[in-house]
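Reader: I should like to learn how to read a helix and its packing in a model of this kind. Please take me through the general idea and then the case at hand.

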Amino acid sequence: HSCNDSFPITADPNPWQVTVCIAAIAGVLASFLIPAAKIMQIKKGIKIAGGLAVFAKLCVGIIMGTQSFATIATAFGPLVLEAVAAILGIDSVMNNCKG
């Protein structure tokens, strides 16, 4: 924050961030970089979350630090959490680094 900021400052992602994120998710799903099983997992998570726009907001929230994995798991369940982790590319880290 600086003295030039006006308050309140919101932490919600702006529509452009969500739009860019949606395009990136669609591009990843359209490519063959992700195995078919993960694509199905991500598509199921998007559906459970309530659509691609909601899912993109969750991803942007994680990246910006305004959303937590615990909040996503509580609000949407483990399938959405796993889909967000898969699309962000950190699912293998989460699966292999559990305490």
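The dialogue below turns to helix H2 and the nonpolar core.

Author: This is a predicted model, in which local features need pLDDT of at least 70, side-chain atom pairs count only at pLDDT 80 or more, and totals for chains, interfaces and linings use all residues. Residues are numbered from 1 along each chain as its sequence is written, and side-chain values use heavy atoms, with hydrogens and water left out.

Reader: What span should helix H2 have?

Author: Helices (H or I, at least four residues) are DSSP runs numbered from the N terminus. The expected span is 1.5 Å times one less than the number of residues. The 14 residues of H2 (residues 36–49) should therefore span 20 Å, and the end C-alpha atoms are 20 Å apart, which agrees.

Reader: Which residues of H2 are buried?

Author: Buried means under 20% relative accessible area and exposed over 50% (1.4 Å probe, protein chains only). The buried residues of H2 are Ile39, Ile42, Gly45, Ile46 and Ala49. Because they cover an arc of only 125 degrees around the axis (taken from the directions from the axis to the C-beta atoms), they lie on the same side of H2. The face turned away from that side carries the exposed Ala36, Ala37, Met40 and Lys47.

Reader: Against which helices do the buried residues of H2 pack?

Author: Contact means heavy atoms within 4.5 Å. The partners are helix H1 (15–30), helix H3 (52–64), helix H4 (69–76) and helix H5 (78–88).

Methods: Helix = DSSP H or I, 4+ residues; strand = E, 2+ residues; numbered from the N terminus. Core = buried A, V, L, I, M, F, W, Y, C linked by side-chain atoms within 4.5 Å.
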